[in-house]
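The following exercises concern single residues, a sheet and its helices. Each task is followed by a solution in steps.

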Amino acid sequence: MHKHWIAIDWGTSNFRAFLMKDSLCVATTHAPCGLLNVPDRQFAAALQPLIQPWLDKYPRLPLLMAGMVGSQQGWLEVPYVALPAGGEQLAAQVASVNTPWGSPCQIIAGVSGPNAFGLPDVMRGEEVQLTGLAALHPQAQHCVILPGTHSKHAFLLNGQIRHFSTFMTGEIYAVMLNHSLLGRDLPEPSDDASAFSLGVSHAPAAPFLSNALFSARTLRLDGTLPPANVASYLSGLLIGAELLALQETQAWIVGSPALTERYTRAASQMGISLQPADGNDCFIEGMAAICRSLNGERT
């Protein structure tokens, strides 16, 4: 009989679970039930109803969790794995928590180490996607972008994460639009390709971001940017500024199709070629690889 288990990606805002049969995903579920939505840190109580249909069919299913669930704000803080790190190192440092219904449950640690600029950096969750990318597309070296609220640029050597750097691109975008002068009194934004392209082109022309950001205000004032296009311009400017840090002209990009498309468009304008890989596929394969390591199997 094939072994069933559940792979879980539990972040601050969202929850995703994948019912696994050995290394294959056979069902999925998701909910806007991130850590911030769990009252009084009652993580077991929040988790059980989300996976109960699977528990009804397979009682005491083993659980393997990744993401911010292993942070200080999560179910249990799991110490970071130091660089360099791959699937075997991640499997060696999982932590266990008890579930009231009897499922064995383990949480994967994040990864920490100096970034490309010598500053301390951390990730939780992306290390699983990187492990999965290396398994799905084996090669000696991987340069990878994982876009998001806190975008990551990572370099892998022989399947191990050697260093990575975090860029607060998504968070800066949200803060500027919602809490700064740049976003004041804007109408509903429209996704405008020309405004996005203008932002990308201005990123290398004005390499100091705190200076470049103000152009979202001045271009609106002089009539170059219609108010509805400010968001598109700001998105292009911030993604372009992030891509300036990329040392290579070719890289993988792992994420959702909508977000990877914007990065790919900006990168192409800057002479950078990005190869997309689906974020879910990489996460599932990464969890399966770590699970095999936990079970003593060769990955």
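**Exercise 1.** Locate Arg41 and describe its backbone and its exposure.

Step 1. Arg41 is placed in the loop that lies between β3 and α1; helices (H or I, at least four residues) and strands (E, at least two) are DSSP runs, numbered from the N terminus. The model is predicted: local features need pLDDT of at least 70, side-chain atom pairs count only at pLDDT 80 or more, and totals for chains, interfaces and linings use all residues. Residues are numbered from 1 along each chain as its sequence is written, and side-chain values use heavy atoms, with hydrogens and water left out.

Step 2. Although Arg41 is not a glycine, its phi is positive, at about 60°.

Step 3. Arg41 counts as partly exposed because its relative accessibility is 46% (buried means under 20% relative accessible area, exposed over 50%, partly exposed in between, with a 1.4 Å probe and protein chains only).

**Exercise 2.** Carry out the corresponding description for Asn158.

Step 1. The loop between β11 (151-157) and β12 (160-167) contains Asn158.

Step 2. Asn158, a residue other than glycine, has a positive phi near 50°.

Step 3. With a relative accessible area of 61%, Asn158 is exposed.

**Exercise 3.** Determine the strand order of the six-stranded open sheet and examine the pairing of β1 with β4.

Step 1. The order of the six strands is β3-β2-β1-β4-β7-β6, with mixed pairing; two strands pair if DSSP finds at least two bridges between them.

Step 2. At the edges are β3 (24-31) and β6 (95-97), each of which pairs on one side only.

Step 3. From one strand to the next, the twist averages 25° (axes are lines fitted to C-alpha atoms, for helices over the stretch in contact, and angles run from 0 to 180 degrees between N-to-C directions).

Step 4. Four bridges join β1 (residues 4-10) to β4 (residues 63-66) in the parallel sense. Asp9 has Ala66 in β4 as its bridge partner.

**Exercise 4.** Which strands does helix α1 lie across, and how many residues of helix α3 are buried?

Step 1. Helix α1 (residues 43-57) lies across β1, β2 (15-21), β3 and β4, where contact means heavy atoms within 4.5 Å. Its direction is at about 45° to β2.

Step 2. In helix α3 (residues 126-136), nine of the eleven residues are buried. Among them are Glu126, Val128, Leu130 and Leu133.

**Exercise 5.** Identify the residues joined by a cis peptide bond.

Step 1. The cis bond joins Leu83 and Pro84, with omega about -5°.

Step 2. Pro84 belongs to the loop between β5 (81-82) and α2 (87-92).
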